Every structure is written in C-alpha cells, then in structure tokens.
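Dear colleague,

Here is the structure I said I would pass on, and below it you will find my notes on what turned up. Please read them alongside the coordinates.

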Amino acid sequence: MNKIINTKPIAILMATYNGEKYLDAQIESILSQTNNEWTLYIQDDGSKDKTLDIIKKYSDNNRIMWVDSGLTRQGCCMNFMTLLNMVESRYYMFCDQDDVWLPEKVQISIDKVRELEKTNPDKPILVHTDKKRVDADLNIILESELNRTNLPIEKLNKLMKERNSLEQLRLGTFIAGCVMCFNHRAKEVSFPFNNSKNAG
C-alpha cells in the first residue's frame, strides 16, 4: 500500500460511510479551526448516499484530500486504521463524520502534545479532550462526557488520573478516537494492528 506523506504537521483522518446528513457541517467546522497546520484526509467505505458528492465538492481545496485505497466495507474501525497506516505525518487526529469541532480543538490538542514531547522526548504521546453530546440541531444534551454526574473538579481530576494509569489503559480506555491527538511515535507502537473483532 502506497504511503501518503503529509506536508503539514497534523493529519486529520476522517472515515466516512453514508454520512451525507452531517458531513458538510463537520468539514466546515474543521475549515474554521484557529489552527491551520493540518491536512484533512477522508477515506470512504463504500457509501451509497451522497457522501462522495459532498467530498468531491471540496476537491479544489488543497487542505482536503480524498484517499482511495481501493478497499471498501471494512467497517469503521478498519477504515480508520487503514487510513492511519497509509498517511505519514508528525501528528494525527481522528475525526468522525457526524461531529462538529469547536474552533480551538486542534490548537488546544496539538499544544498539549508538543508540551508533553518536550519533557518526554522520543516517547509515544496521546492526549484527549472532553466532548459535548448534542442533538441533530446541535442543542447540548450533555455538557461533559467526562463528567456526566457533575463531580467537583477535585474528584474528577483524581478519577481521571486513576483511569489514565497504565494499568487501566491495558484493560481498555473510555476515551473515543474522535477526541484524540497523538504523535508519530504513538502510531508506530500501534502497529501491527490487531482488530479484536476479527481476531481468532
């Protein structure tokens, strides 16, 4: 599989499948980011709706690249992992087709990764943000996915520290891919990728 070299520091990776309802809003929210150090790579998984028409609408924008690996019907997880394997970049962010990003999401995320790299050179670094849950009209249903029960900030910080321990991460993580930002070293230690759904 041919590698794609990202000329910007950050590769935003979006996996699409029948996403016509929300895709335009998500792409526009990425284009509205305060940080412009990124390229958006989109790989479709065989959509039957107008998803490809929406992607092609942005074909003149050199910040948005449609990736055709020749693979379809991989499922969401493998669509993302195929795209991650193909794109070579310094930093990566996953992007769901039906989200809307707040304007400073990329900047806040990349600032934290770079800060941690200074004290942890040559180490895998992955950071995450919180997320809000909204309805189809972007009305907020839940202000914080990480603090669903409105814990006092001291208790929340303690809980987050415990959940982000190495032992907890070995068991699994409650952090969704769409809130992550990670460096190339973190990508390197993620491969070869074992899709547990298809593992024997």
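**Strand 3 and its surroundings**

In this predicted model, strand 3 is covered on both of its faces, with Trp38, Leu40, Ile42 and Asp44 buried on one side and Thr39, Tyr41 and Gln43 buried on the other. In a regular strand the side chains alternate between the two faces of the sheet. Since seven of the seven residues of strand 3 (residues 38-44) are buried, the strand is largely enclosed by the rest of the structure.

Strand 2 (residues 10-16) runs parallel to strand 3 and is joined to it by seven bridges, and within this pairing Ala15 stands opposite Gln43. Between these two strands the chain passes through helix 1 (residues 23-31), and the resulting β-α-β crossover is right-handed.

Strand 3 also pairs with strand 4 (residues 64-67), again in the parallel sense, over four bridges, and here Gln43 stands opposite Val67. Gln43 therefore faces Ala15 in strand 2 as well as Val67 in strand 4, while being one of the buried residues of strand 3. A right-handed β-α-β unit is made by strand 3, helix 2 (residues 51-57) and strand 4.

Turning to the surface, Val100, Val134, Leu138 and Ile140 form a nonpolar patch there, with about 320 Å² of accessible area together. Val100 lies in the loop between strand 6 (91-96) and helix 4 (105-119), and because its relative accessible area is 39%, Val100 counts as partly exposed, a class that lies between under 20% for buried and over 50% for exposed.

With best regards

Definitions and conventions: Residues are numbered from 1 along each chain as its sequence is written. This is a predicted model: local features need pLDDT of at least 70, side-chain atom pairs count only at pLDDT 80 or more; totals for chains, interfaces and linings use all residues. Side-chain values use heavy atoms; hydrogens and water are left out. Buried means under 20% relative accessible area, exposed over 50%, partly exposed in between (1.4 Å probe, protein chains only). Two strands pair if DSSP finds at least two bridges between them. A crossover is right-handed if, with the strands pointing away from the viewer, the path from the first strand over the helix to the second runs clockwise. Patches are made of residues with over 30% relative accessible area and no salt bridge: like charges are joined within 9 Å, nonpolar side chains (Val, Leu, Ile, Met, Phe, Trp, Tyr) within 5 Å. Accessible areas come from the Shrake-Rupley method with a 1.4 Å probe; for residues, only the protein chains shown count as cover. A salt bridge is a side-chain nitrogen of Lys or Arg within 4 Å of a carboxyl oxygen of Asp or Glu.
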